[in-house]
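Biologist: I should like to learn how to read the pockets of a protein and the surroundings of a ligand. May we go through an example together?

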Amino acid sequence: MKVLAFNGSPRMKMGVTDKILQTFIQGAESAGAETETVYIAKKNIKFCSGCFNCWFKHPGKCIHDDDMMEIRMKIKAADLLVFGSPVYFDGFTAQMKAMLDRLIAGGMPFIEVRDGHSRHPSRGAEKKTRKMLLISTCGFGEKDNFDPIIHHMKAIAKNFATGEYMGALVRPVGSSLEMLKDENPAGVKNVLDAFFQAGVEAVTTGGISDKLQEAVSAPLITLEEFVARANQMFQTLITQKKSLQN
Ligand SMILES: Cc1cc2nc3c(=O)[nH]c(=O)nc-3n(C[C@H](O)[C@H](O)[C@H](O)COP(=O)(O)O)c2cc1C
């Protein structure tokens with residue numbers, strides 16, 4: 001199985017997204033998958049200009065000559081697409097969204113109604129299904145902060161000609177994995193083990209059980225305690241004129 005992962009965090013390898021995404025990828029590799037991670041912030045990806053030249057004037061070819069053609073080729077070769085993005089204002093990061101918008105060049109203008117929903121058929125003869133998985137983290141503590149991004153991921157999988165939603169691995173209070181590693185090592189280990197196991201399961205069964213999707217979100221700290229500690233830390237950083245380290 002070929003797994004193509006996208007990391008849409010501008011913090012790339014410094015961020016929580018990469019920690020959980022790469023733990024999943026290690027699991028997938030241990031089960032025999034061939035993997036590649038694209039760090040979107042490193043790529044030259046211009047915004048879609050909405051001209052539709054890629055549909056009509058020169059089908060399949062965007063007016064922008066940048067790294068998107070290479071990314072579209074990688075997507076074509078993949079069996080599983082993993083979208084790793086932190087929650088930014090309740091959705092995907094701008095980097096991830098810019099990449100997603102540019103995928104329109106890989107579709108055709110015609111409309112196909114399948115399973116009661118409109119899709120644009122994919123360009124070219126090849127029609128294989130690609131599973132789509134969301135891996136996300138956020139700053140707040142409630143799991144419902146992921147509702148909009150999960151909804152968006154499901155909608156993209158329905159809209160994408162060859163897409164099929166696989167699930168979502170979401171980690172609230174992303175900072176807790178680092179903050180609590182000495183205080184609650186067993187809790188942090190269980191969460192990371194669940195991300196690893198999800199990688200194994202995705203490759204060996206083609207899906208991820210509800211149990212593992214729950215386990216990656218397991219609370220490591222109460223909401224009240226997290227809010228109190230976070231606010232205290234923010235006040236200290238403001239007083240000392242420091243920023244977050246990673
Ligand atoms: C511009 C911006 C918007 C954010 N919006 C949200 C948000 O709506 N909800 C939330 O829980 N966290 C939000 N966060 C926090 C990030 O999701 C969190 O810091 C996450 O760990 C960042 O991922 P990274 O470590 O991979 O960069 C936001 C952070 C930034 C910089």
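Biologist: How many nonpolar, polar and charged residues are in the lining of the largest pocket?

Modeller: One sorts the lining residues by class and counts each class. In this predicted model, the lining of the largest pocket has 18 nonpolar, 13 polar and five charged residues.

Biologist: Which element gives the most to that lining of the largest pocket?

Modeller: Here one assigns lining residues to their elements. Helix α8 contributes the most, with eight residues. The space in this pocket amounts to about 1,100 Å³. Its lining comprises 36 residues, and Arg 11, Gly 139, Gly 174, Ser 175 and Leu 244 are the closest to the pocket's centre.

Biologist: Where does the ligand sit?

Modeller: The ligand occupies the largest pocket. There are 14 residues around the ligand, and those that come nearest are Ser 9, Arg 11, Val 16, Thr 17 and Val 87. By class, this shell holds seven nonpolar, five polar and two charged residues.

Biologist: Which polar atoms of the protein lie at 2.8 Å from an oxygen atom of the ligand?

Modeller: For such contacts, one notes whether the protein atom belongs to a side chain or to the backbone. Ser 9 places a polar side-chain atom 2.8 Å from a ligand oxygen, whereas Val 16 has a polar backbone atom 2.8 Å from an oxygen of the ligand. In addition, a polar backbone atom of Gly 139 lies 3.1 Å from a ligand nitrogen.

Biologist: How much of the ligand does the protein bury?

Modeller: One begins with the ligand on its own, which exposes 630 Å²; of that area, the protein buries 73%.

How values were computed:
Residues numbered from 1 in each chain as written. Predicted model: local features only at pLDDT ≥ 70, side-chain atom pairs only at ≥ 80, totals over all residues. Heavy atoms only, no water. Near = heavy atom within 4 Å. Polar contact = N/O pair within 3.5 Å; in protein donor to acceptor, adjacent residues only side chain to side chain. Areas by Shrake-Rupley, 256 points an atom, 1.4 Å probe, with all protein chains shown as cover. 1 Å grid on protein atoms, 1.4 Å probe; cavity = no way out; pocket = protein on both sides within 12 Å on 5 of 7 lines; lining within 4 Å. Sits in = over half its atoms within 2 Å of the grid points. Nonpolar A, V, L, I, M, F, W, Y, C, P; charged D, E, K, R; others polar. Points joined across faces, edges and corners; volume = space filled by probe spheres on them. Helix = DSSP H or I, 4+ residues; strand = E, 2+ residues; numbered from the N terminus.
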